[in-house]
Amino acid sequence: MGIVSPGFHGRRRESAVQLPPGQYLTEDFPVLSAGPTPRIPEEEWEFTVTTETGRQHRWTWRELLDLPFETPRVDIHCVTKWSKLGTDWQGVSLDVLLADVETAADFALVSSYGGYTTNLPLEDLLDGKAWIVYRYGGEELAPEHGGPVRLLVPHLYFWKSAKWLRGIDLLTENEPGFWETAGYHDYGDPWREQRYQGD
């Protein structure tokens, strides 16, 4: 005869999900923006990579869709403390887009339609760590979530995954972006809780 009654499972345990420090789990997809949501028609959308020498590489919407795509499933972590797990995207790896771009740059300044910018080390956009995505959850990426195209850099806080992607300037020196000049951390690693300058 057992010493534990049938149906007894012991004390309830916290979820086995591991989140970065200070984060809470959400099932929805909160919308946060610093201003009005740009509405960019796909036929007018263009993405430009500009090297430190001024050389430009451009892709139209149709050219982007013709590139080989991936379907990353990733966890995302917002600096406002929500985390959403297992999000499904479709887009093009930055490795593909930058494969033929000659550069000696170490940094990237990402720009959006509407004027928003964010900075990252170039190495954080390479080696399968970043995509430019145009579908979320099997649907076209909605404007409120950054459509038609946003950057996806899931290993950093989500403000680094710039919405309404327009271009990337490759730079030899770091140049802070919009939120970084407003006091947010220059790098933004959620596992080190790098929310603000000095963290």
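This passage describes the confidence, sheet and nonpolar cores of a predicted model.

Residues are numbered from 1 along each chain as its sequence is written, and side-chain values use heavy atoms, without hydrogens or water. Local features require pLDDT of at least 70 and side-chain atom pairs pLDDT 80 or more, whereas totals for chains, interfaces and linings use all residues.

The protein chain averages a pLDDT (the predictor's confidence in each residue, from 0 to 100) of 91. A score of at least 70 is reached by 91% of the residues. Residues 1–14 fall below 50 and make zero contacts (heavy atoms within 4.5 Å) beyond near neighbours in sequence. Where pLDDT is low, the predicted coordinates should not be read in detail.

Five strands (DSSP runs of E, at least two residues, numbered from the N terminus) form an open sheet in the order E3-E2-E11-E6-E7. Pairing (at least two DSSP bridges between two strands) is mixed. Strands E3 (56–60) and E7 (117–121) stand at the edges with a single partner strand each, so one side of each lacks a neighbour in the sheet. Strand E2 (residues 46–50) pairs with E11 (residues 165–171) in the parallel sense over three bridges. Thr-48 stands opposite Gly-167 in E11.

The largest nonpolar core (buried Ala, Val, Leu, Ile, Met, Phe, Trp, Tyr and Cys residues joined through side-chain atoms within 4.5 Å; buried means under 20% relative accessible area, 1.4 Å probe, protein chains only) has 36 residues. Phe-47 and Leu-94 are among those with the most contacts inside this core. E11 gives the most to it, with three residues. Leu-94 touches residues including Leu-125, Ile-132 and Ile-168. A second, separate core of eleven residues includes Ile-76 and Leu-141.

Methods
Helix = DSSP H or I, 4+ residues; strand = E, 2+ residues; numbered from the N terminus. Buried < 20%, exposed > 50% of the residue type's maximum accessible area, 1.4 Å probe, protein only. Lists of a residue's contacts leave out its neighbours within four places in sequence.
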